[in-house]
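User: I would like to go through some labels used for charged side chains and see what each one rests on. Please set the values against the cut-offs.

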Amino acid sequence: MQRNLSNLERGLSIAVGVASVLPAFRGAKNARIALKVASALVATGLVGRGLSGRCPLLKALGRDKLPSNGDEAHPKSLLVNKRLADVRAALDDEVLDSLSLSSAPDGRRTRIRPRADADLKFEDLVGLKAQIET
């Protein structure tokens, strides 16, 4: 299942989840057990939602994944801290065929972007960047 929460929503879920459980357990010692259980369930749900980045309620309402700037099928490009010739030398032909490479304006870095027909995820680009820069 793909993430459908932004980083802000995730952080707020975790914070509200933790904050919702504290009063029940720090409060009166004779607080009703039902209040403690309900508080723990709400907190668990919110913290789990924040940690996973997925919300089943939002999915049911039609938000299956995070919106991206008009390009949902392919991740954005990344800048690699190597010259274009060095990037080409670091990658094999099969990988190069799935990428569009261009020299950054400063000439010292290279922008890598997946081609439209490539089946690359953002994590794949990050891995390639790490491989190239090491």
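User: Why is Arg109 called partly exposed?

Analyst: In this predicted model, Arg109 has a relative accessible area of 29%. Buried means under 20% and exposed means over 50%, with partly exposed in between, so Arg109 at 29% is partly exposed.

User: What makes the contact of Arg109 and Asp106 a salt bridge?

Analyst: The N to O distance between the side chains of Arg109 and Asp106 is 2.9 Å. The cut-off is within 4 Å, so the pair counts as a salt bridge.

User: How do you know that Arg108 and Asp106 meet in a salt bridge?

Analyst: Their side chains are 3.9 Å apart, N to O. That is within 4 Å, so the label applies here too. Salt bridges with shared partners join Asp106, Arg108 and Arg109 into one network. A search of the whole structure finds two salt bridges.

User: Is Arg108 called buried or exposed, and why?

Analyst: Arg108 has a relative accessible area of 55%. Exposed means over 50%, so Arg108 is exposed.

User: Why is Asp106 called partly exposed?

Analyst: The relative accessibility of Asp106 is 31%. This lies in between 20% and 50%, so Asp106 is partly exposed.

User: How do you know that Arg10 has no salt bridge?

Analyst: Arg10 is buried, and its nearest side chain of opposite charge, Glu9, is 8.6 Å away. A salt bridge needs a distance within 4 Å, so Arg10 and Glu9 do not form one. Arg10 is found in helix H1, residues 7–26. Not counting residues up to four places away in sequence, Arg10 touches Arg3, Leu5, Gly50, Leu51, Ser52 and Gly53.

Notes
Residues numbered from 1 in each chain as written. Predicted model: local features only at pLDDT ≥ 70, side-chain atom pairs only at ≥ 80, totals over all residues. Heavy atoms only, no water. Buried < 20%, exposed > 50% of the residue type's maximum accessible area, 1.4 Å probe, protein only. Helix = DSSP H or I, 4+ residues; strand = E, 2+ residues; numbered from the N terminus. Lys, Arg positive; Asp, Glu negative; His and termini not counted. Contact = heavy atoms within 4.5 Å.
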